[in-house]
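Trainee: Could you take me through one part of this model with care, namely how its helices pack against each other, and add whatever helps to place that part in the chain?

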Amino acid sequence: MTTPPALLIAGHGTRDEAGAEAFRDFVRELGRRHPELPVAGGFIELSPPPLGEAVTELVEQGVKRFAAVPLMLVSAGHAKGDIPAALTREKERHPGISYTYGRPLGPHPSLLKVLERRLDEALGTTSRTPEDRADVTVLLVGRGSTDPDANAEVLKAARLLWEGRGYAGVETAFVSLAAPDVPSGLDRCVKLGARRIVVLPYFLFTGILPDRVRRQTQGWAEAHPEVDVLSADVIGPTEELLDLVMERYREAVAGDIRMNCDTCVYRIALPGFEDKVGLPQQPHFHPDDDGHHHGHGHGPHHHGSHAHAH
């Protein structure tokens, strides 16, 4: 019987130890649930273990083939450039290994169900009728990116969350790198008539940026006591997320990869981003994860040829 490829989970990384440990726990749980597979996980930046160490762990177990799944909600610079570049380096370090690369997680119906559940928890209700939600406006807050395609994915998730669930509206904001920011997003909700708002972080685990979303929400709410503002929790290591990672793994193994390139700034000349077409990429630090600001460079991976799998 042919041995199935191992599973490699690629995480973003955070200087928040609780968030990093949530990722590591999630990888361990996947391993417990799937003893037939070698499972390892690592980070692109900021947190141990690095992705290269996770690959070495698999190689030391005798793994020659693996499927890499980015544990990320949208396809931004890390999923499009940094992870493929890191995997290319690991292939050079470990001659004889091969891999397939899966696609990011969202938006997906199972995660939309989790987001809906987080909203119900914040509202303190188990009722799901449109009538009970008619006065609730949701502000979905994403990480934010210099890649407009990635930001557009957050708006897509917001629209899918709004459809058929009866909320007064689902607006979007970003905690870093993209507009509107959280206070501006809340201002927009009020201008659209909102009097009851739930701020919903579009993040998998806890960390510095989700904590910032909550602090900014609290600060805005204190300045606007006339508006009822609630904060929802992050998605978390739910059954749905565990199952979705395995779905992305099976897609990668089968070669059923449908990564979007129609609006990728490294392939298509979008207004204001024409200079990025064909631009080489290199790994970079997200400027707000550690409270410092770093340059967003681009280096060894070429998106002009789109070396990541599709």
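Mentor: What follows looks at two helix pairs, and then at an aromatic pair.

The model is a predicted one, in which local features need pLDDT of at least 70 and side-chain atom pairs count only at pLDDT 80 or more, whereas totals for chains, interfaces and linings use all residues. Residues are numbered from 1 along each chain as its sequence is written, and side-chain values use heavy atoms, with hydrogens and water left out.

The protein chain has nine helices and 10 strands, where helices (H or I, at least four residues) and strands (E, at least two) are DSSP runs numbered from the N terminus. Two packed helices are described by the angle between their axes and the distance between the axes. The axes are lines fitted to C-alpha atoms, for helices over the stretch in contact, and the angles run from 0 to 180 degrees between N-to-C directions.

Helix H7 (residues 182-191) packs on helix H8 (residues 208-223) at an angle of about 45°, their axes being 9 Å apart, which makes H7 oblique to H8; angles under 35 degrees count as roughly parallel, over 145 as roughly antiparallel, 65 to 115 as roughly perpendicular and the rest as oblique. From H7, the residues Val182, Pro183, Leu186, Asp187 and Val190 make the contact, and from H8, Gln216, Thr217 and Trp220, contact meaning heavy atoms within 4.5 Å. By class, five of the residues in this contact of H7 with H8 are nonpolar, two polar and one charged, with Ala, Val, Leu, Ile, Met, Phe, Trp, Tyr, Cys and Pro taken as nonpolar, Asp, Glu, Lys and Arg as charged, and the others, Gly among them, as polar.

Helix H2 (residues 51-60) and helix H3 (residues 77-93) pack at an angle of about 40° with their axes 10 Å apart, and H2 and H3 are therefore oblique to each other. Here Leu51, Gly52, Val55 and Thr56 of H2 meet Ile83, Ala86, Leu87, Glu90 and Arg93 of H3, a contact of H2 with H3 that has five nonpolar, two polar and two charged residues.

Between H2 and H3 in the numbering lies strand S3 (residues 65-70), which holds phenylalanine 66. Phenylalanine 66 is buried, with a relative accessible area of 4%, whereas tyrosine 99, in strand S4 (residues 98-101), is partly exposed at 26%; buried means under 20% relative accessible area, exposed over 50%, and partly exposed in between (1.4 Å probe, protein chains only).
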